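Me: I would like a close look at a single part of this protein, followed by its setting in the rest of the fold. Please keep the account formal and connected.

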Amino acid sequence: MYNSVITEMLVGTHLNSIGRSCNLLWFKFCSEEIEIFLHTQCIVRIIKQNGVIVTSEDIYLPFAENEDFDWEVYGNSIYDIRLNELISKNKYAVISFEKENMLNDYKIVLNDDLIIQLLDNKPLDDECERWRVFRKSDKHYVLYDKLIIE
């Protein structure tokens, strides 16, 4: 039920910006009328033409050799640099939002063969939030404990 609601929210928007606060990753999607946000603390994998560009695990890897690397500082990691380079080169439009499998993995398909995968890495009995999609001052749709809830 909520898959179609989230699909309607996202399709027609484009990936406007990305960022993170520690290990909470966020993606901002925009159209002329709306801004939609995706916040996630599950595994994220960005792929293009069947190759991995970056994953959420890359936030813990320094972009350059640095003995004083602090992964919590935005802009220092491989994740930060590669994603910012990627979205600065192209305007990626959302084509679809799909559940990939029975493990509650989802993907956001964008133009130019770019895919954002949201991979659920929690056990079935772990009651925690994986990701949420929302508009400011509106309902939040959250993957929580294997169900999307409002």
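In the hairpin of β6 and β7, which residue takes a positive phi, and how many residues lie between the strands?

Reply: The model is a predicted one, and the description below applies to that model. The residue in question is Asn104, whose phi is positive, near 65°. The hairpin of β6 and β7 has six residues between its strands.

The two strands that flank this turn run antiparallel and are joined by five bridges. Within that pairing, Lys99 stands opposite Tyr106 of β7. Strand β6 covers residues 94-99, and strand β7 covers residues 106-110.

Tyr106 also has a partner on another strand. Its bridge partner in β8 is Leu118. Strand β7 pairs with β8 (residues 114-119) in the antiparallel sense, and five bridges connect them. In general, strands of a sheet pair through backbone hydrogen bonds, in either a parallel or an antiparallel arrangement.

The loop between β7 and β8 holds two further residues with positive phi. Asp112 is located in this loop and has a phi of about 60°, although it is not a glycine. Its relative accessibility is 36%, so Asp112 counts as partly exposed, the class between under 20% for buried and over 50% for exposed. Asp113 is placed in the loop between β7 and β8 as well, and it too is a non-glycine residue with a positive phi of about 60°. Because its relative accessible area is 48%, Asp113 is likewise partly exposed.

These strands belong to an open sheet of five strands, in the order β5-β4-β8-β7-β6, with antiparallel pairing. The edge strands are β5 (51-55) and β6, each of which pairs on one side only. On average, neighbouring strands of this sheet are turned by 20° against each other, direction ignored. The hairpin with Asn104 therefore involves one edge strand, β6, and its neighbour in the order, β7.

Farther along the sheet, Ile43 offers a view of strand β4, in which it is placed. With a relative accessible area of 27%, Ile43 is partly exposed. Leaving aside neighbours within four places in sequence, Ile43 contacts Ser56, Gln117, Leu118, Leu119 and Asn121. Leu118, one of these contacts, is the β8 residue that bridges to Tyr106. Ile43 and Trp131 are 88 residues apart in sequence, and their C-alpha atoms are 9.9 Å apart in space.

A helix also meets this sheet. Helix α2 (residues 78-89) lies across β4 (43-48), β5 and β8, and it runs at about 120° to β5. In the loop between β5 and α2 one finds Asp58. Asp58 is buried yet has no salt bridge; Arg82, the nearest side chain of opposite charge, is 4.5 Å away. The cut-off for a salt bridge is 4 Å, so this distance does not qualify. Apart from neighbours within four places in sequence, Asp58 is in contact with Ser77, Ile78, Tyr79 and Arg82.

The largest nonpolar core has 31 residues. Those with the most contacts inside it are Phe27, Phe29, Ile46, Ile108, Leu110, Ile116 and Trp131. The largest share of this core, four residues, comes from α2.

Phe27 shows how widely such a residue can reach along the chain. Not counting residues up to four places away in sequence, its contacts include Leu15, Ile18, Ile36, Phe37, Leu38, Val44, Ile46, Tyr79, Leu83 and Ile116. Tyr79 is also among the residues in contact with Asp58.

A second antiparallel pairing, between β2 (residues 24-30) and β3 (residues 35-40), is made over six bridges. A hairpin of four residues joins β2 to β3, and Lys28 stands opposite Phe37 in β3.

For the protein as a whole, there are two helices and 11 strands. From the N terminus on, the elements run α-β-β-β-β-β-α-β-β-β-β-β-β. Buried residues make up 43% of the 150 residues. Of the contacts between residues at least 6 apart in sequence, 45% join residues at least 24 apart.

Methods: Residues numbered from 1 in each chain as written. Predicted model: local features only at pLDDT ≥ 70, side-chain atom pairs only at ≥ 80, totals over all residues. Heavy atoms only, no water. Axes fitted to C-alpha atoms, helices over the stretch in contact; angles between N-to-C directions. Contact = heavy atoms within 4.5 Å. Core = buried A, V, L, I, M, F, W, Y, C linked by side-chain atoms within 4.5 Å. Buried < 20%, exposed > 50% of the residue type's maximum accessible area, 1.4 Å probe, protein only. Lys, Arg positive; Asp, Glu negative; His and termini not counted.
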